[in-house]
Amino acid sequence: LTEDEDIQRMLRGSLLRKIKSRRGPRERLFRLQEDGATICFEGRFGRARSQQSFLVMNIEGVREGRQSEGLRKYGADFPERHCFTLVFKGKRKNLDLAARGEEDARHWVQGLTKLMGRLQAMSQSEKLDQYPFWIHGVLQRADSNKDNKMSFREVKSMLRMINIDMDDVYAYKLFKECDRSGNERLEGWELEEFCRRLLRRPELEELFGRYSGEDRVLSAEELRDFLRDQGEDASLRQACALIRTYELNEKARQQDLMMLDGFMMYLLSAAGDILNQEHTKVHQDMSQPLCHYFISSSHNTYLTRNQIGGTSSTEAYVRALMAGCRCVELDCWEGSDGEPIVYHGHTLTSKILFRDVIESIRDYAFKQSPYPVILSLENHCGLEQQATMARHMKAILGDMLLTQPLEGQDPHDLPSPEQLKGKVLVKGKKLPEPWHEPCGVTSLPDPEEEEEEEEEEEEKLQERSSRQAKDASQVAPELSAVVVYCQAVPFPGLPDALRHPRPCEMSSFSERKARKLIKQAGPALVQYNAQQLSRVYPLGLKMNSSNYNPQEMWNAGCQLVALNFQTPGYEMDLNAGRFLGNGRCGYVLKPPCLRSPPGEGTRHLALHVRVITAQQLPKLNREKGSSIVDPFVRVEIHGVPADCSKQQTHHKLNNGFNPRWEETLSFQLRVPELALVRFVVEDYDSTSCNDFVGQFTLPLASMREG
């Protein structure tokens with residue numbers, strides 16, 4: 001790509017303004033580094049200046065023009081075509097930028113898009129080719145006197161940077177073996193040799209040697225034996241296909257042989273991933289009624305932090321939708337100038353326009369998933385602004401908005417995600433049919449009133465004024481008309497609900513009410529959830545927007561288990577794991593025992609996890625020069641109560657670079673189809689809490705053997 005005009009401009013660098021507030025933004029030089037993967041710019045902390053950087057692979061998307069909340073708010077002084085936004089993965093805030101000219105902005109938008117596409121399409125071998133760039137960067141930082149030679153002291157500094165606390169005697173022995181010139185300095189190929197030895201994977205070499213024998217070359221038959229022992233597709237045809245895909249040496253490839261490098265390439269590729277790659281696409285039956293699916297759901301979606309003084313933002317909706325969320329919440333309140341607003345009522349959270357939220361939903365609803373989005377309206381508006389809400393939804397969403405039952409479908413049955421592709425559904429109160437009220441409005445009980453009464457004392461929420469309470473219990477016909485399949489009603493109790501199922505009605509439960517129902521009448525709740533939708537939400541008294549364990553709600557068949565997406569923690573890890581399969585589309589088919597209870601679960605299952613090794617675990621506290629992790633791995637099972645358990649390896653002292661455990665953890669599972677497996681790496685600390693290093697969660701049903 002170096003010949004590309006856009007990339008050349010980025011390599012030369014451009015002066016861009018970082019737009020964060022109304023204060024005049026200062027120009028900074030942004031430049032793409034020679035590795036083609038890093039962008040550097042000058043940052044400021046207080047009065048001090050410092051060089052900052054970010055990786056292209058951490059960018060999720062590039063938006064042209066004023067397509068972010070920040071640029072719409074603060075970028076009016078800059079021409080639309082000079083502006084663009086970088087959206088990052090994870091929690092990092094957007095970077096809103098304005099170039100000096102339209103051409104500059106275009107080069108950066110096009111160049112970044114090309115680089116992102118290229119990085120995504122890179123093969124495993126090409127990614128490994130990039131490894132020297134990373135090592136090169138570490139070497140540059142460790143070379144204190146910048147003479148391009150490394151003394152033993154500088155090598156020790158480099159080892160600390162990449163999290164290796166290597167024994168001095170061993171490190172010096174390796175240093176001397178590579179110092180062929182004998183001048184107590186490593187340079188050029190000597191340094192390369194030192195790094196190559198560091199980056200060896202002895203555990204993979206041993207595995208390779210076990211199957212390849214003395215000649216250190218794997219034949220297709222030997223590779224087939226390896227695959228068979230792993231419980232994978234062990235045909236000779238599959239072994240030959242892997243050799244053709246991953247072997248780097250052309251002569252070996254032609255003779256259907258695999259060398260150590262090719263074997264490592266295979267194991268470290270997507271083909272060696274624990275996640276079944278078939279499950280990265282939609283692979284489940286999507287033609288069943290909505291109530292037969294777990295649906296990724298967000299609570300207080302508009303918040304970027306906590307629910308007392310946090311910021312409300314349309315960007316929070318974008319992030320949730322791009323993370324596969326299919327049910328978002330809008331707390332709607334009376335705004336000035338007749339415009340309804342969204343915020344956490346009676347708190348210091350900032351306010352955003354209902355209209356702006358609907359525009360963001362229109363733009364991002366179906367980028368990550370084609371399946372229906374549900375707008376959960378918590379309505380505190382008077383009749384006039386309710387009608388305005390309905391008008392905005394119709395005008396902005398157009399044909400996306402579902403306003404009528406589907407043709408050829410019983411209006412009293414729930415359709416499937418497949419039938420509702422590309423549609424936005426509104427969850428709210430519905431006026432009774434046929435329409436007889438002469439004044440055009442009627443009062444309805446508040447579906448969440450029962451919950452509010454139950455928790456009123458402990459939540460100590462400010463009481464609403466009598467006018468708001470009166471207005472909130474009334475529904476404008478215009479708003480009622482856009483509610484079709486998700487009619488919010490107070491919970492009638494399980495006996496009544498099971499006697500008279502109404503699939504198009506749904507109730508909401510606080511986490512406490514849901515737990516109470518599970519404890520008192522779990523099987524009946526499972527049966528109820530097999531016929532209609534239910535939504536669970538966190539207790540309102542949680543000032544810090546903390547979450548609850550969603551697994552116990554999924555065990556009872558609850559579909560819309562709403563969590564605070566803005567609050568990281570194991571609860572959101574489980575949510576991400578639950579919806580990791582089925583192409584991350586936000587809908588996961590419930591197991592048969594929850595769709596047609598009382599059904600039998602599948603056979604019991606024994607799970608054995610061999611924890612072998614880890615590579616380059618990050619240092620947690622960069623302030624401590626000698627801080628090296630003492631890592632251990634914990635494997636957790638989250639499922640029905642009888643299956644929940646956790647086990648962990650021993651910790652490895654002072655080794656974040658290539659700790660090796662070789663320990664097997666075993667679990668017995670009764671209902672494997674509901675189980676999630678969570679791998680956690682922590683830094684052991686004998687005097688205080690262990691520090692979190694990283695985690696990965698996936699459904700047991702999406703885990704591959706081998």
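Start by selecting Arg 92, which is partly exposed, with a relative accessible area of 39%. For that label, buried means under 20% relative accessible area, exposed over 50%, and partly exposed in between, using a 1.4 Å probe and protein chains only. You're looking at a predicted model, where local features need pLDDT of at least 70, side-chain atom pairs count only at pLDDT 80 or more, and totals for chains, interfaces and linings use all residues. Residues are numbered from 1 along each chain as its sequence is written, and side-chain values use heavy atoms, with hydrogens and water left out.

**Around Arg 92**

Color by secondary structure and you'll find Arg 92 in the loop between β6 (83-88) and β7 (95-99). Helices (H or I, at least four residues) and strands (E, at least two) are DSSP runs, numbered from the N terminus. Now show the neighbors: leaving out residues up to four places away in sequence, Arg 92 touches Ser 53, Phe 54 and Arg 319. Touching here is a contact, meaning heavy atoms within 4.5 Å. For a distance check, pick the C-alpha atoms of Arg 92 and Ile 59: they are separated by 9.8 Å, with the two positions 33 residues apart along the chain.

**A positive patch**

Next, select Lys 20, Arg 23, Lys 93 and Arg 305, which form a positive surface patch. Patches are made of residues with over 30% relative accessible area and no salt bridge; like charges are joined within 9 Å, nonpolar side chains (Val, Leu, Ile, Met, Phe, Trp, Tyr) within 5 Å. Lys and Arg count as positive and Asp and Glu as negative, while His and the chain ends are not counted. Each charge is placed at NZ of Lys, CZ of Arg, CG of Asp or CD of Glu. Zoom in on Arg 23, in the loop between β1 (14-18) and β2 (27-32). Arg 23 counts as exposed because its relative accessible area is 68%.

**Salt bridges**

Time for the charged pairs: the structure holds 27 salt bridges. The criterion is a side-chain nitrogen of Lys or Arg within 4 Å of a carboxyl oxygen of Asp or Glu.

Pick Glu 315 and Arg 63, whose side chains meet in a salt bridge at 3.0 Å, N to O. This pair links distant parts of the chain, 252 residues apart: Glu 315 sits in helix α14 (residues 314-322) and Arg 63 in strand β5 (residues 59-64). Both Glu 315 and Arg 63 are buried.

Then go to helix α7 (residues 168-178), home to both Glu 177 and Lys 173, 4 residues apart, about one turn of the helix. Their salt bridge has its closest N and O atoms 3.2 Å apart. Glu 177 is partly exposed at 32% relative accessibility, and Lys 173 is partly exposed at 49%.

Last pair: Arg 678 and Asp 573, joined by a side-chain salt bridge at 2.8 Å, N to O. Here too distant parts of the chain are linked, with Arg 678 in strand β28 (residues 676-683) and Asp 573 in helix α23 (residues 570-578), 105 residues apart. Arg 678 is buried at 6% relative accessibility, and Asp 573 is buried at 16%. Add Arg 634, Glu 636 and Glu 682 to the selection: salt bridges that share partners join these with Asp 573 and Arg 678 into one network.

**Zoom out**

Finish with the whole protein chain, which has 24 helices and 29 strands. Of its 706 residues, 51% count as buried.

Terms used. Accessible areas come from the Shrake-Rupley method with a 1.4 Å probe; for residues, only the protein chains shown count as cover.
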